[in-house]
Amino acid sequence: MATGQLFSRTTQALFYNYKQLPIQRMLDFDFLCGRETPSVAGIINPGAEGFQKLFFGQDEIAIPVHSSIEASCAAHPTADVFINFASYRSAAASSLTALKQPTIRVVAIIAEGVPESDAKQLIAYARANNKVVIGPATVGGIQAGAFKIGDTAGTIDNIIHCKLYRPGSVGFVSKSGGMSNEMYNTVARVTDGLYEGIAIGGDVFPGSTLSDHVLRFNNIPQVKIIVVLGELGGRDEYSLVEALKQGKVNKPVVAWVSGTCATLFKSEVQFGHAGAKSGGELESAQAKNQALRDAGAVVPTSYEALETAIKETFEKLVEEGKIAPVKEFKPPQIPEDLNTAIKSGKVRAPTHIISTISDDRGEEPCYAGVPMSSIVEQGYGVGDVISLLWFKRSLPRYCTKFIEICVMLCADHGPCVSGAHNTIVTARAGKDLVSSLVSGLLTIGPRFGGAVDDAARYFKDAYDKNLTPYEFVESMKKKGIRVPGIGHRIKRGDNRDKRVELLQLFARTNFPSVKYMEYAVQVETYTLSKANNLVLNVDGAIGTLFLDLLAGSGMFNKQEIDEIVDIGYLNGLFVLARSIGLIGHTFDQKRLKQPLYRHPWEDVLYTK
């Protein structure tokens with residue numbers, strides 16, 4: 001593997017299995033380092049395509065999303081690093097696919113628990129094809145001032161504290177990702193900083209070894225000192241011992257193998273990593289530390305002394321003139337995400353939408369402050385839900401029952417009315433449910449459904465002004481306006497609309513007051529004297545009874561009632577109710593497999 005450095009300031013990666021935070025951290029690091037181009041060229045999210053919006057400094061950028069590894073590699077031939085955030089179940093297969101792509105040179109596998117047989121297969125393929133695997137079970141790696149993998153080095157604050165935004169002189173390799181972050185702080189305190197750091201992962205069979213990276217560091221001119229952090233278990237460190245003995249490493253190596261405390265336990269100890277389990281004396285931390293010391297590495301007496309050992313080795317190189325001072329600079333400020341800034345109280349951001357009727361931010365959705373569980377547990381009906389979402393309060397049961405009756409009575413009025421006709425024609429044209437429903441709803445207006453609102457407005461205005469039925473009807477006649485809510489094509493004074501009678505019976509039985517409805521009945525008496533078909537229809541009954549509901553419940557003031565009528569709440573009731581019937585007509589036509597509708601010629605008057 002040897003060769004030289006893995007990354008540069010122009011390195012680009014493909015990110016497998018979209019994870020917003022680690023990708024954004026990579027892009028923030030790019031900006032911090034002054035890179036001209038983002039390090040993430042594309043995202044691979046199986047089954048998805050398009051673009052994902054992220055930030056590169058202050059600019060919002062769109063990173064392409066591809067559905068397959070092959071497609072992503074073909075679209076981004078210069079991206080040679082594959083960062084795999086797949087789970088342990090699919091990490092091996094996706095990593096092998098990536099390794100087989102001619103453009104991919106390095107694969108980093110984040111997942112823990114990749115089967116050992118799969119890991120061996122990946123290692124064998126990578127070595128046979130001169131490619132590099134970092135991991136499994138790795139946090140990744142970083143080249144200071146150039147490129148980093150995923151969450152390596154943690155937060156931006158930690159990266160700045162560790163001076164990772166510019167290169168230093170130290171090459172570092174470790175099995176542990178967590179200890180890598182700790183060591184980056186240590187290195188920054190006592191040296192000019194890190195040049196490159198790699199966490200090979202804690203599994204039994206890592207894709208690349210400690211010695212692989214030490215030998216590689218030895219070939220990088222900018223690396224002047226090498227720091228190694230091993231751990232008990234396995235024999236990887238002995239390959240480094242052999243390399244030191246054979247003179248393959250000519251740069252100072254400061255090393256420590258963690259786990260010396262294992263001898264204090266009476267039985268065999270398994271530490272955090274799968275590979276951190278001593279299988280004999282040679283795999284103990286003490287034996288490996290001694291072997292490294294004997295081979296010429298600088299090995300302290302304890303982990304606590306490691307920082308001093310690194311400092312003294314670094315200062316000696318400075319005295320010998322082998323390390324030139326690093327030119328410091330202040331990195332740019334990373335813009336803070338709006339959500340983070342809001343939570344920390346640093347900014348005030350205006351909202352774009354106001355909602356007073358529902359809230360889905362808690363453990364369960366709420367309608368007007370009432371949790372969904374309470375709505376179900378207390379046996380609320382559709383009328384109760386309408387009262388919460390439309391009127392923002394729980395209305396008395398007789399009110400919500402009346403609302404439900406209105407919905408039931410207005411749900412459908414046969415296939416010949418304009419809304420149903422439009423829906424049927426659209427459904428027979430092969431359109432989907434929503435298109436068919438909307439085509440019917442679009443016919444609702446002043447001549448179909450809208451009379452409910454108008455009836456409420458005009459009857460309320462007349463009653464509140466104390467107009468007699470005669471004055472009301474005649475004043476409307478002078479204006480050239482038909483009285484909304486009065487008149488029917490079929491029903492007559494001697495053949496009343498059963499729906500109107502049901503509504504009147506319910507209201508007279510349950511409402512505390514029906515003054516508006518009784519006024520409408522008086523108007524009907526006058527209009528019937530003019531023509532037998534000028535009866536109070538269902539629109540007029542609903543409109544006036546809703547006024548009685550609002551006024552009689554004692555839960556609305558005059559201003560609120562006027563606002564409800566003006567906004568058009570009552571037409572909303574008709575829209576809601578009629579949607580049930582229109583949906584039914586759509587299903588009916590599709591169930592019957594009706595063909596495309598064509599209006600018959602004989603029903604059209606063709607004129608010149």
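**Exercise 1.** Which residues do ring pairs link into a cluster?

*Solution.* The model is a predicted one, in which local features need pLDDT of at least 70 and side-chain atom pairs count only at pLDDT 80 or more, while totals for chains, interfaces and linings use all residues. Residues are numbered from 1 along each chain as its sequence is written, and side-chain values use heavy atoms, with hydrogens and water left out.

Step 1. Apply the criterion: rings of Phe, Tyr and Trp (its six-membered ring) pair if their centres lie within 6.5 Å; planes under 30 degrees apart count as stacked, over 60 as edge-to-face and the rest as tilted. The structure holds 21 aromatic pairs.

Step 2. Examine one pair. The ring centres of Phe-391 and Tyr-569 are 5.3 Å apart and their planes stand at 40°, so this pair is tilted. Because Phe-391 belongs to helix 13 (residues 382–391) and Tyr-569 to helix 23 (residues 569–591), the pair ties together parts 178 residues apart in sequence. Helices (H or I, at least four residues) and strands (E, at least two) are DSSP runs, numbered from the N terminus.

Step 3. Assess burial, where buried means under 20% relative accessible area, exposed over 50%, and partly exposed in between (1.4 Å probe, protein chains only). Phe-391 is buried at 4%, whereas Tyr-569 is partly exposed at 22%.

Step 4. Examine another pair. For Phe-402 and Phe-546 the centres are 5.8 Å apart and the planes at 65°, so the pair is edge-to-face. It links distant parts of the chain, with Phe-402 in helix 14 (residues 397–410) and Phe-546 in helix 21 (residues 538–552), 144 residues apart. Phe-402 is buried at 0% relative accessibility, and Phe-546 is buried at 3%.

Step 5. State the cluster: Phe-391, Tyr-398, Phe-402, Phe-506, Phe-511, Phe-546, Phe-556 and Tyr-569.

**Exercise 2.** Describe the nonpolar cores and the surroundings of Leu-292.

*Solution.* Step 1. A nonpolar core is a set of buried Ala, Val, Leu, Ile, Met, Phe, Trp, Tyr and Cys residues joined through side-chain atoms within 4.5 Å. The largest has 84 residues, and those with the most contacts inside it are Phe-7, Ile-83, Ile-134, Phe-147, Leu-164, Val-228 and Leu-292. Helix 1 (residues 20–33) gives the most to this core, namely six residues.

Step 2. A second, separate core has 54 residues, among them Ala-455, Tyr-519, Leu-547 and Phe-556.

Step 3. Contact means heavy atoms within 4.5 Å. Apart from its neighbours within four places in sequence, Leu-292 is in contact with Glu-237, Leu-240, Val-241, Leu-244, Ala-255, Val-257, Ala-297 and Val-299.

**Exercise 3.** Characterise the salt bridges of Glu-237, Asp-30 and Asp-464.

*Solution.* Step 1. A salt bridge is a side-chain nitrogen of Lys or Arg within 4 Å of a carboxyl oxygen of Asp or Glu. By this rule there are 29 salt bridges.

Step 2. Glu-237, one of the contacts of Leu-292, forms a salt bridge with Lys-288 (2.7 Å, N to O). The pair links distant parts of the chain: Lys-288 is in helix 9 (residues 285–294) and Glu-237 in helix 8 (residues 236–245), 51 residues apart. Lys-288 is buried, at 1%, and Glu-237 is buried, at 1%.

Step 3. Asp-30 meets Arg-35 in a salt bridge (3.9 Å, N to O). Asp-30 is buried at 0% relative accessibility, and Arg-35 is buried at 5%.

Step 4. Asp-464 meets Lys-460 in a salt bridge (2.8 Å, N to O). Both lie in helix 17, four residues apart, about one turn of the helix. Asp-464 is partly exposed at 39%, whereas Lys-460 is buried at 8%. A network of salt bridges links Lys-460, Asp-464, Lys-558 and Asp-562.

**Exercise 4.** Identify the backbone features at Pro-136, Asn-17 and Asn-466.

*Solution.* Step 1. Recall the usual case: most residues other than glycine have a negative phi, and most peptide bonds are trans.

Step 2. The peptide bond from Gly-135 to Pro-136 is cis, with omega near 0°. Pro-136 is in the loop between strand 7 (132–134) and strand 8 (140–143).

Step 3. Asn-17 has a positive phi, near 75°. Its place is in the loop between strand 1 (13–16) and helix 1, and Asn-17 is partly exposed at 24% relative accessible area.

Step 4. Asn-466 has a positive phi, near 60°. This residue lies in the loop between helix 17 (451–464) and helix 18 (469–478), and Asn-466 is exposed at 65% relative accessibility.
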